[in-house]
Each structure stands twice: as C-alpha cells, then as structure tokens.
Protein chains: 4
Amino acid sequence: MTRRSTTRDPERTRRHILDAARAAFAHQGLDGARVDAIAEASGVNKRMIYYYFDDKEGLFLAVLEEIYAELSAAGEAMDLAAPPLDALTRYVDFVWTYYHGHPEVIAILNNENLHGGAHLARSLHIRELERPFIDKLARLLQQGEEKGAFRPGLDPVTIHITVIALVYLFLGNNRTLSIFFDRDLSTAVAKKSWREHIQCSVRAIVTV
Amino acid sequence: MTRRSTTRDPERTRRHILDAARAAFAHQGLDGARVDAIAEASGVNKRMIYYYFDDKEGLFLAVLEEIYAELSAAGEAMDLAAPPLDALTRYVDFVWTYYHGHPEVIAILNNENLHGGAHLARSLHIRELERPFIDKLARLLQQGEEKGAFRPGLDPVTIHITVIALVYLFLGNNRTLSIFFDRDLSTAVAKKSWREHIQCSVRAIVTV
Amino acid sequence: MTRRSTTRDPERTRRHILDAARAAFAHQGLDGARVDAIAEASGVNKRMIYYYFDDKEGLFLAVLEEIYAELSAAGEAMDLAAPPLDALTRYVDFVWTYYHGHPEVIAILNNENLHGGAHLARSLHIRELERPFIDKLARLLQQGEEKGAFRPGLDPVTIHITVIALVYLFLGNNRTLSIFFDRDLSTAVAKKSWREHIQCSVRAIVTV
Amino acid sequence: MTRRSTTRDPERTRRHILDAARAAFAHQGLDGARVDAIAEASGVNKRMIYYYFDDKEGLFLAVLEEIYAELSAAGEAMDLAAPPLDALTRYVDFVWTYYHGHPEVIAILNNENLHGGAHLARSLHIRELERPFIDKLARLLQQGEEKGAFRPGLDPVTIHITVIALVYLFLGNNRTLSIFFDRDLSTAVAKKSWREHIQCSVRAIVTV
DNA sequence: TATGAATGAGGATTCATTCAT
DNA sequence: AATGAATGAATCCTCATTCAT
C-alpha cells in the first residue's frame, strides 16, 4: 500500500500526498484526518507535507482547489449538443454521474462549509476558474427558450444549484436519510429511481 | 456568559451541556469540537460531561437524538389544513423556516453523514420517532391527487427529500456556492428569491 | 532523581516544576531547555506544566518572577546597621554572596536580556515588587554623606548597578574571560582576589 | 534583502553566511537561531552552511572566533599616546564605544558563557590571538605609576575586566535593569551619564 | 452531584542534517 | 561550488479521559 518514491520526483511526491489527503479529508474531515496517516498512506516522508503545503490547512486548501479545478474541467468535457430536452437530460445525467463518481467531493465541500468557506475565501486560484457548467447551461436554456420548449427568463445558476441540490443531498446525506426515513436509499434501485425523479423534476421546472 | 450551576440541578446541568455541545458540534464538527471548550461554555465541570454522557461520542449522539426529536416534534406543529396548493406552499415554507431557524442542524447532520451515520445507526431512540412530516405530506398529496390538482402516485418521502434538498443545500452550502458562482447568496434578497424558486419548483413537480 | 508526587498536592507539583525549570533554563536557556526534560526532572506529568503555566514561555516567566521576588526578598534580609564604611563592605559582600550562591540567576537574566526583556515587560507582578536593596543603600549613602565619609549626591541605583556589574560579569562570564585572558578566574584565589577588588573599588568610588 | 550569490564566489558566500549567522545568534542565541533562517537571510543555499562550517556549532564557533579576532584587532587600533589620565579616559571611551557599536558581541558572548565556554575552549585560533588591550593598558598603568598619578601594583587584566564589566553589564542587561529599577536606561541621557560614571569610577580606582 | 488535579497517548509541526544531481 | 528534495528524530503542545476528594 505504501508506495516508496525512491526516485526524486517532486511532482509525483506532491501527487501522492494530495491523493492521500483527499481520501483522508473525505473520510474523516479536516479535523479528523491525521497528518501522520496521510504521510503514511502517501508513502512520503511526513516532512514533505510541510515542505510542499506549509501545514494541514494548506494541504486542505490544495485539495479543495484541485476539486474545484476538476469541477471546472468536468464542465469543459460536457457535451450538450442536442435538442434542448435531450441536452437537459444529458446535463442532469452528467452532474449526477460526476458526484456519484466523486463522492469525496461532497464530503470535502461539506467540510469547507462547516468552516464557513474560510479556506476557499483565501484561495487565489478559485477566482480565476471558468464555470463552464453555467455557460453551457445558459446556452441550453437560451435555446430551449427560443424553441418555445423552456420557460423564458430561467437563470442558469439557479437551475444549476437546483440540480446540484437534488444530486448532492441524496448522495451526501444518503445514510441519515435512509435511517430517518427507514428506507434504504443506497441500493441501485433507489438510486435509479431518484435519478429519474431528478430528471422529471428538472424537466417540470424548466418547461412551460 | 459562563453560567455557574452551583446549585445541584441535574436537569439544568444536562441542558447546559447539551446546548453548548450543540453549538460546538455545529461550528467545529465532532472532531473539531473540544470537550474542554464545551465544559467551559456550559459553565459546568468537565467531569459532568462524562457523568451524563459517558464520552464525547455519547454527547454527540445525545445532541443528534435531540435534533431528530425536535425535527419530529416540529412536524407535529405543522398545520396543513388548507386547500392542496395552499397547503403545499405552507409545507415548503415550514421546512424552509425550520432549517433557516436551525442552521446548526444542517452542520451536525452533515457531520453525522461524514461519519457514515454511525452514531445514528446505534441509536435506540431514533427508531421510535414518528415522522409526522411524511404522514401529513402523504395526506396532502392524497388530497391533491383526489382533487385532480396533483399528479397521481407521488411518493411523500421522495417529495420530502426533494424539498429538504432544495432548502438544505442552499443554506448549508451557501458559502461555497457563493464563492464558486461569484454571487452572494447570503443576502435577504437571494434567500427570498431562492425560497420562491423552491415554491415554484415543488409546485411544478407535483402538479399535472 | 524523579520524585513521584503520588499525593495530590498542587503547591508541591508547581514547586517541583518550577525548580526543574529553573535549573533547565539556567543551563540551556529558554530555547535550549526541553519541556520533556523539565517534566522528567520534576517527576511530574508533562501535561501539568501546561496546566499550571500555559506554555514554555509562561513557565519561563514564572521562573523569572520568582527570581525577582527572591531578589527583592534578599534585600529585606540584608542588615546594614553599622558605620558607613563597614555597612558598605557588608553590602558588597551581600551582593557577591547572593549571586555567587545563585549562579542560575545570572544565566536566566542574561537569557531574558537576549529576548529583549519581553517576558519581564509583560509581567504584572514585577511592578509591585519593592526594591529594598535600593532603599537600604540609599539610607547608607545618606548616612555616609552626613558623616562626611562619602561623597555627596551619590545615586543609589547607579552604585547598585555598579556593584552588580562587578559581581555579575565576573561570575557570569568567568569562562570566556578565563579563556580569553588565559588566566583561570574560577579558582577560589581568583574569586577572593576579585571580591577584594570590588570592595576596594566601591570604596574608592563613594569616598571623597 | 536576500542576496543571491549566483556567481561562484566562495569568500563572498562565507561572508554572507557569517554575517547572517552573527545577527541570528545575537538575536535568538545558539539554540534559538534557525539554520534555515540563516540560510534564507544570507541568500545562500542551506547546504552551503554545512559545506563551509560542518554544522550549526561549527558556524557558531566561526562567529565566535571572528568576534574575538575583531576584539583583538580593535585593541591594535586603540591609540593611548597621551598623559596617563587622558589616556585612561580615552581607553575607557574606546571600550565603551566598541561594545556600544557592537551590541551583538555581548549577546553572543553571553551565549557562549551559557554553554560554559565549550566552543571557545575547543577553538584553536583563540590561543594565538594577541591581547593588545591588555598590553597597552599595562604600559599605561606603568607610566601612570611612574609619574605618581596611579597607584602602584595595578593589574591590567583586573582593570580591564572592571571596565568591561561596567560597560558590558549596562549595555547587555539594559532592558532588565530598566524594568527592575523602573528607570529607562536606554536613553541617550542615561547612557551619557553612565559613561561618565565609568570614567569617574575608573579614575577613582586607579588613582592614589 | 460536583470538582480541581492528574494522566498518557497522540497531534501538528520543526529541526538540523543529508542525499542526489 | 551549488541546489532542491528528502529524512527521521525531536519538540511543543493538545486531547479525551480518569482519579481522588
């Protein structure tokens, strides 16, 4: 498990640390994660964490920035070239698939919210990021509106947050929801069902 | 602000500890919160925390159980006696108002999800709780369906989670959303706007 | 060496820590001294150091304050009831004997000067201390002047610092002086000789 | 302020390191000074410190030896060609001016004493140094004695240490003395006054 | 029921030093 | 001669928890 980076490869060392940190922060949070454990898991000398990231918070911020950069990059990869309703379906699917495939993102973002977004606010890189999700969604809504398929005046940010909310909460709070409502929401069936519910809901929200 | 409970009042001591713990867990999470700080804030000797709650996790569970009990009790207080669409509006308002008035609930539940719902799963009290929200919502959807105002076959749990998602994510992730989308979502205007968006959305989802 | 304080005796615990700290700071300085070593030497759980003194600097300050308190108390014990010249001799002897018997005081005060008197400046207790050395010396100089034995207008603080200088530097810098001037100043003979030199010098300074 | 010595200039590199080290040791002591900080301040790669001075202690010793060499050189520059009393004044002035202009010398020598003169004792260069201060002072005392101005049998080392004591302690312990005696001794007036006091005192000590 | 004192394992971080180039 | 990367042993300090009263 512990990979030894015998060769002198700064980029690789950084990579190993970031990967281990991401997993650790996702599972135990900023406060629960242990620097020792991250070092151990990354197969890198503990000292290197401080060499590259200053301190635990710096490491957390680096993870956070990477998450947002990936989020932004994911938007670039999304292809919505299709008739409005189909594109809308694709779009929702994309968001669902993204968070479903990156559950650690949810945990880490929740953690950042717990801390009032303090790290993110201090970040210099976040501001420079593009938000392709919004741009592409904006164009989609525009086209749908022009074709008379969608309601006029829809705000892409609002719609995007709506989709995120429906995806994110279901996935991120799956355990407590399951327990409280006494219904296992972690099964493939429950997920499929919820995914369809999101599709229907979003369609209902944007259509006339 | 540190209340000294010199008098021997068990119930009051428990209360003080729970209140301080709730605030602490909401602000720093289970791992970030400090037993010392909780004792200090509650004006109670640290030893008492162990006397009443065994350990930190026991205290967290107690807070969690109280939150769910209050959640359940809040459902009881909700009055949906009105025509379906009006009742629906009231219902959404109720959920919004509840979480808006209890932001610490969101933080603590997120924390419990971070830990995979481990505490909740162990709780004996949770199972016994009624879920009045669901029951009342079920009746409402039933009535709406009978009157031809709502779609048939709506699942109250699904609808409830939908509303929670739209409320909870906006409130709980307000900071990171604001930063990432470069739009201050914490203003009264932004909140009002989002609240209306939820109302419209839910209506669109349940209506034919 | 390691005394175990099995009994619960706060005062004794504090005492043990302070004693060990004093020795440690005297030998390795604030930065060189190790908290672990102090705990070990005092036979007290390391955690207690932080319990009683907050941190290493707090411990250093406590040592410093104790040193000054003892310095002040030593002044009280000094009896100068004698004819001026005899009293002067006694006084110089007292200062010499004090520092000679408390070499750690010199090391610690030097350390505090290294840090620009930062700790002392923050101390609240220092200001309240009496300076009996000065008061008694003032009276002595006054009497000597009246009897025509001493020069008029002598400033007690100046004279006191003079005596301290002659005592303190010889004792505190004994090693480097010995090496540089290639003459062993640590022998009993050298000390006796220097002590007499101080007596003569001070007498020369104050007499007409 | 960090000078980059991109060019390969061994002497310059050594110089930069020594300068930075001297300042660091003067301000934080041997234990408090950080090798990293010294490297940073000297604009030289940290590895070079080990290349030129073996380790931290070696660097400290190098600084120490330089200090003593300068001290010795300063003695050479001192010109006491004047009538005994005038020469004595000049001499005291010289010592005062020297330490006043090189306050870091005091801090570093104190540090060396804290460590029991261990580094100095191991030094090979110290033994070879001339002590022109002593030689010149010896001649001065000799002349004064011959002219009947000074007491016979004065020991130049004793007198020199006396002067150093009066200069050194006032300057080196200025902060703690000021605080303890509640009198600001760092002002120009206080310094001038003390300097005159030394002059008078030394004259009183050596004259008949 | 309540409290101040005590504990030991562990936590983040720092340090002087060395390696590989 | 010079450098960025790497190391492991410490170092200060914190934490949840328990003891003795």
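**Exercise 1. Work out how chain C is laid on chain D in this predicted model.**

Start with the fit: a turn of 180° with a shift of 0.0 Å along the axis lays chain C on chain D, at an RMSD of 0.1 Å. The superposition is by least squares on C-alpha atoms of residues with pLDDT of at least 70 in both copies. Now name the relation: it is that of a two-fold axis. Then look at the contact residues (contact: heavy atoms within 4.5 Å): 100% of those of chain C recur in chain D, so the same surface serves both copies.

A word on conventions: the model is predicted, so local features need pLDDT of at least 70 and side-chain atom pairs pLDDT 80 or more, while totals for chains, interfaces and linings use all residues. Residues are numbered from 1 along each chain, chains are lettered from A and ligands numbered from 1 as written, and side-chain values use heavy atoms, without hydrogens and water.

**Exercise 2. Describe the protein surface near DNA strand F.**

Begin with the count: 38 residues surround the strand, each with a heavy atom within 4 Å of it. Among the closest are Arg8(A), Arg8(C) and Tyr51(D). Of the strand's atoms within 4 Å of the protein, 55% belong to sugar and phosphate. Next, sort the residues by class: 19 are charged (Asp, Glu, Lys, Arg), 14 nonpolar (Ala, Val, Leu, Ile, Met, Phe, Trp, Tyr, Cys, Pro) and five polar (the others, Gly among them).

**Exercise 3. Find polar contacts (N or O pairs within 3.5 Å) to phosphate oxygens of DNA strand F.**

Take the side chains: a polar atom of Tyr52(A) lies 2.9 Å from a phosphate oxygen, and an N or O atom of Tyr50(B) is 3.3 Å from one. Finish with the backbone: a polar atom of Ala33(C) is 3.2 Å from a phosphate oxygen.

Key. A polar contact is a pair of N or O atoms within 3.5 Å; within protein, one must be able to donate a hydrogen and the other to accept it, and residues adjacent in sequence count only if both atoms are side-chain atoms.
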